[in-house]
Amino acid sequence: MTPNLLILGGTTEATALAKTVADAGLRGIVSFAGRVDRPVRQPLPQRIGGFGGVAGLMSFLKDQSITHVVDATHPFAAQMSRHAVAATKALDLPLVALTRPAWVPQTGDIWHSVADIAGAVEALQRPAARVMLAVGRMHLAAFAPNPQHFYLLRLVDPPKTALPLPRTEVLVSRGPFREAEDSALMQHHRIEIVVSKNAGGTGAYAKIAAARALKLPVIMIDRPALPDRMEVATPKAVLRWLAHTCTDLGV
Ligand SMILES: NC(=O)c1ccc[n+]([C@@H]2O[C@H](COP(=O)([O-])OP(=O)(O)OC[C@H]3O[C@@H](n4cnc5c(N)ncnc54)[C@H](OP(=O)(O)O)[C@@H]3O)[C@@H](O)[C@H]2O)c1
């Protein structure tokens, strides 16, 4: 039996891994939640949409004869990651997470760390300011209790419904972003506060570096807690893990 991977995707890391896996001539499927209109094209077969909870994921793993699961989702996609741990445990399948280290504050950073989205909303309970809100479309409604601010939003797709915030400007753009461009953007919009998830990695770091250079405060949302699992940092390390587990499993 040859290995057959399920890569839980939606990140640049997952796309890089799909390329590494395809280049190595291995079998695999990349899965997307279906949150964006045009997911980045993958060099492996892809599927789109939720599995239907842990039970649905288990059925998918069995139906597709998946031998290994790689969780390469975004660090804030906690539910999917929890489901991956539960389903692979139940089926006794090997799981690894392809992760990126969290950002840590550097000299000059003015971070106000909060535990979650609700913490960021609370931190914005203050007089009107010009805010760059880089948290993704799914969480915008949470900020409705603070309509006094101007919000600069950067979204992957144009919004299809009315935004839950009265004073916004929307930029439709997909990363990676550059510090010089984000700095120019912040100055152009006279941004006073940046709100960001602690995504880690390089693609979204530009706004953090730009905020540091412009001496702007950042409301930094900590990562959600995840269950224990094996983690690696690079696609190559995933292949090494695969080789080890295949030997162990006799795959
Ligand atoms: N959260 C972020 O800030 C962020 C940023 C960039 C990219 N993304 C990507 O966007 C996707 C959704 O993020 P989220 O925060 O909404 O996730 P989430 O809260 O952890 O997941 C909610 C549900 O969406 C489905 N789902 C999530 N990722 C999936 C995948 N790769 N393939 C198939 N189904 C998936 C699952 O549905 P079922 O229970 O029905 O299986 C899951 O229970 C993730 O794949 C993530 O990598 C997220």
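A salt bridge is taken here as a side-chain nitrogen of Lys or Arg within 4 Å of a carboxyl oxygen of Asp or Glu. The structure is a predicted model, in which local features need pLDDT of at least 70 and side-chain atom pairs count only at pLDDT 80 or more, while totals for chains, interfaces and linings use all residues. Residues are numbered from 1 along each chain as its sequence is written, and side-chain values use heavy atoms, with hydrogens and water left out.

By this rule the count comes to 8 salt bridges. One of them joins D23 to K19, with the closest N and O atoms 2.7 Å apart. Helices (H or I, at least four residues) and strands (E, at least two) are DSSP runs, numbered from the N terminus. D23 and K19 both belong to helix α1 (residues 12-23), and because they are 4 residues apart there, about one helical turn separates them. For accessibility, buried means under 20% relative accessible area, exposed over 50%, and partly exposed in between (1.4 Å probe, protein chains only). D23 counts as exposed at 56%, and K19 is partly exposed with a relative accessible area of 48%.

A second salt bridge connects R229 and D71, whose closest N and O atoms are 3.1 Å apart. This pair links distant parts of the chain, 158 residues apart: R229 sits in the loop between β11 and β12 (231-232), and D71 in strand β4. R229 is buried at 19% relative accessible area, and D71 is buried at 2%. D71, R229 and E231 are linked in a network of salt bridges. Strand β4 also holds H68, which is buried with a relative accessible area of 0%. The side chains of H68 and T245 are joined by a polar contact of 2.9 Å. (A polar contact is a pair of N or O atoms within 3.5 Å; within protein, one must be able to donate a hydrogen and the other to accept it, and residues adjacent in sequence count only if both atoms are side-chain atoms.)

Attention now turns to the sheet. Two strands pair if DSSP finds at least two bridges between them. An open sheet of 6 strands is formed in the order β6-β11-β10-β7-β8-β9, with parallel pairing. Its edge strands, β6 (110-114) and β9 (168-172), each pair on one side only. From one strand to the next, the twist averages 20°. Strands β6 and β11 (residues 217-221) run parallel and are joined by 5 bridges; I110 has P217 as its bridge partner in β11.

Helix α5 (residues 179-188) packs on this sheet, touching β7 (130-134), β8 (150-155), β9 and β10 (193-197), and its direction makes about 150° with that of β8. Contact means heavy atoms within 4.5 Å; axes are lines fitted to C-alpha atoms, for helices over the stretch in contact, and angles run from 0 to 180 degrees between N-to-C directions. Helix α6 (residues 206-213) lies across β6, β7, β8, β10 and β11, running at about 150° to β10. Between α5 and the sheet, the side chains of D182 and R154 meet in a salt bridge (2.7 Å, N to O). D182 lies in helix α5 and R154 in strand β8, 28 residues apart, and both residues are buried.

K207, in helix α6, gives a neat counterexample. K207 is buried yet has no salt bridge, the nearest side chain of opposite charge being D182 at 6.2 Å. For this purpose Lys and Arg count as positive and Asp and Glu as negative, while His and the chain ends are not counted. A polar atom of the K207 side chain does lie 2.9 Å from the backbone oxygen of A204. Leaving aside neighbours within four places in sequence, the contacts of K207 are W103, M132, A134, R154, D182, M186, V194 and S196.

Q106 offers a view from the loop between β5 (95-98) and β6. Q106 is partly exposed, with a relative accessible area of 40%, and its side chain reaches the backbone oxygen of V104 at 3.1 Å. Not counting residues up to four places away in sequence, Q106 touches Y205 and R212.

Elsewhere, strands β1 (residues 4-8) and β2 run parallel and are joined by 5 bridges. Strand β2 (residues 27-32) is mostly covered, with 5 of its 6 residues buried. In helix α2 (residues 53-63), the buried residues are G56, L57, M58, F60 and L61; their cover includes β1, β2, β3 (46-48), β4 (68-71) and α3 (78-91).
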